[in-house]
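Open the structure in your viewer and keep the sequence panel beside it. The stops below are meant to be selected one after another.

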Amino acid sequence: MSTYVHGLKLQPDMTIGPDGNLWFAGCNLVDLAAEFGTPLYVINENTIRRNCSRYLQAATRYPENFSIAYASKAFLCQAMGRIIAQAGLELDVVSLGELHTALSSNFPADRIIFHGVNRSRHELRTAISHGVGRIVVDNYFELEKLAAMATEMNVEVNLLIRLASGVQADTHEYVQTSVTDSKFGFNITDLPQVFAICSSEPLLRVRGFHSHTGSQILSLQPFTENLRVLLGLLATWQGKVPELDELNIGGGLGTYYTADDQELSIEAYMAGIIAAAQDIARELGVALPRLIVEPGRSIINEAGLTLYRVGGTKTIAGTRKYVFVDGSMADNIRPALYGSNYEAALANRALEAATETVAVAGRCCESGDMLVWESKLPAAAPDDLLVVGRTGAYNYSMASNYNRLPRPAVVLVTDGQAELIVRGESWEDMTRLDVLPDHLR
Ligand SMILES: Cc1ncc(COP(=O)(O)O)c(C=O)c1O
């Protein structure tokens, strides 16, 4: 069987059924659209579990402790929290919303890493009182708040110091996070002052460093460069700072979206990090630290797809044909935000050949509201079911109500079963939080 349907490279557990429809994890996508409506996010549980196991299995090759923390910003709801907890991973959260979702799915607090660049006292206090495992501190004003709070609450707080390690990854500038001119993290030259502050605060326990290089990175080099910087800092500071033995190198492993992306597998990435950590540690004469990585996209992206109903088409002679669907940048902001590309197919006509190259347009009032700029498809007709592939990461989690469009539902599929895990919003929900003051009634 071809590995492509129209312009879409098949995702794990995606097949063409005898009915000529696309199936995903044993579920007929046409039936899912009929039952749950469109737009619809569909997430394959098996793929999430498989990717978690691949990470954990690869981590066993490291002679010291190596933890995998799923970056919940890529996709989180209570069901996802349960899956990640059951899989045995840790969890990275960046807000009380993510923390609340995790805790309400019974995610163990001590396996949670709390990030942020400007958290309020209330947010930090809530995280500390729940006993989150690590708080990653980004800057001086957060450090001051944390010191005050640890004293006020009389509890020890385990910290990682976030650093802009200066490594520049070859990825979109909006997702480069470790360059020196970045809102994230301390600069390396801040460390003497940071440790001076911490040493006068006995309840602040600095356990290690954190540095996330960026996202959708497809080569090993930025990760190993980052490791070299961080291991060098361990060599400098170990012995002067008690308990300093953890390196969290963030997430960032890229995934396949289109044929332009030369994928680095989870296994190759993990083996590369482990080998580099061992080589560099030996070279610098530093003991192997506890390692942590925080993958988001590489766990969830290929587990997801989005279903849309085609409304109609518009052809501009000699220029382009647009296929209009019932979704938009409100359910997938990535093409507009980063110029990201996706692949697509018609799920109800999977056995038909693709005959044209078209653009898939969203329904928002923005020229940039395009879901796919170029995809091969059969000539699409009203009511066809269009699937945009590999939308598991940063789609639902970045969705908005722009143009007052309701956010779509999320359905989890596993071995032929489909279950709703996030309800779709209704049109009525669009005014649910509105308040009409008396003088306007
Ligand atoms: C601190 C941190 N960790 C992990 C991640 C996850 O990155 P990815 O989804 O690319 O693996 C991000 C993403 O922005 C991040 O900022």
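Begin with the open sheet of 3 strands, whose order is β3-β4-β5 and whose pairing is antiparallel. This is a predicted model, as are the elements at every later stop.

Select β3 (14-16) and β5 (27-28), the edge strands. Each has a single partner strand, so one side of each is left without a neighbour in the sheet. Add strand β4, residues 22-24, which pairs with β3 in the antiparallel sense over 3 bridges. Within this pairing, look at Ile16: Leu22 of β4 stands opposite.

Next, select helix α3, residues 78-87. Which of the residues of α3 are buried? They are Met80, Gly81, Ile83, Ile84 and Ala85. To see what covers these buried residues, show the surrounding elements, including α2 (45-59), β7 (66-71), β8 (90-93), α10 (297-300) and β22 (409-414). Then step just past the end of α3 to Gly88, where phi is positive, about 90 degrees.

Keep β7 on screen and add strand β15, residues 290-293. β7 pairs with β15 in the parallel sense over 3 bridges. One bridge to pick out joins Ile68 to Val293 of β15. Now bring in strand β14 (residues 246-248), which also has a parallel pairing with β15 over 3 bridges. Here Glu246 has Arg290 of β15 as its bridge partner.

Show the side chains of β15. In a regular strand, side chains alternate between the two faces of the sheet. In β15, Arg290 and Ile292 point one way, while Leu291 and Val293 point the other way. Are these residues buried or exposed? All of them are buried.

Finish at the ligand. Select the 15 residues around the ligand; those that come nearest are Ser215, Gly252, Glu294, Arg297 and Tyr394. By kind, the shell divides into 3 nonpolar, 7 polar and 5 charged residues.

Three distances to ligand oxygen atoms can be displayed here:

- Gly252: a backbone N or O atom lies 2.8 Å from an oxygen atom of the ligand.
- Arg297: a polar backbone atom is 2.9 Å from an oxygen atom of the ligand.
- Tyr394: an N or O atom in the side chain is 2.5 Å from an oxygen atom of the ligand.

To end, colour the surface of the ligand. Taken alone, the ligand exposes 400 Å², and the protein buries 92% of that.

How values were computed
Residues are numbered from 1 along each chain as its sequence is written. This is a predicted model: local features need pLDDT of at least 70, side-chain atom pairs count only at pLDDT 80 or more; totals for chains, interfaces and linings use all residues. Side-chain values use heavy atoms; hydrogens and water are left out. A residue is near a molecule or strand if one of its heavy atoms lies within 4 Å of it. A polar contact is a pair of N or O atoms within 3.5 Å; within protein, one must be able to donate a hydrogen and the other to accept it, and residues adjacent in sequence count only if both atoms are side-chain atoms. Accessible areas come from the Shrake-Rupley method with a 1.4 Å probe; for residues, only the protein chains shown count as cover. Ala, Val, Leu, Ile, Met, Phe, Trp, Tyr, Cys and Pro count as nonpolar, Asp, Glu, Lys and Arg as charged, and the others, Gly among them, as polar. Two strands pair if DSSP finds at least two bridges between them. Helices (H or I, at least four residues) and strands (E, at least two) are DSSP runs, numbered from the N terminus. Buried means under 20% relative accessible area, exposed over 50%, partly exposed in between (1.4 Å probe, protein chains only). Contact means heavy atoms within 4.5 Å.
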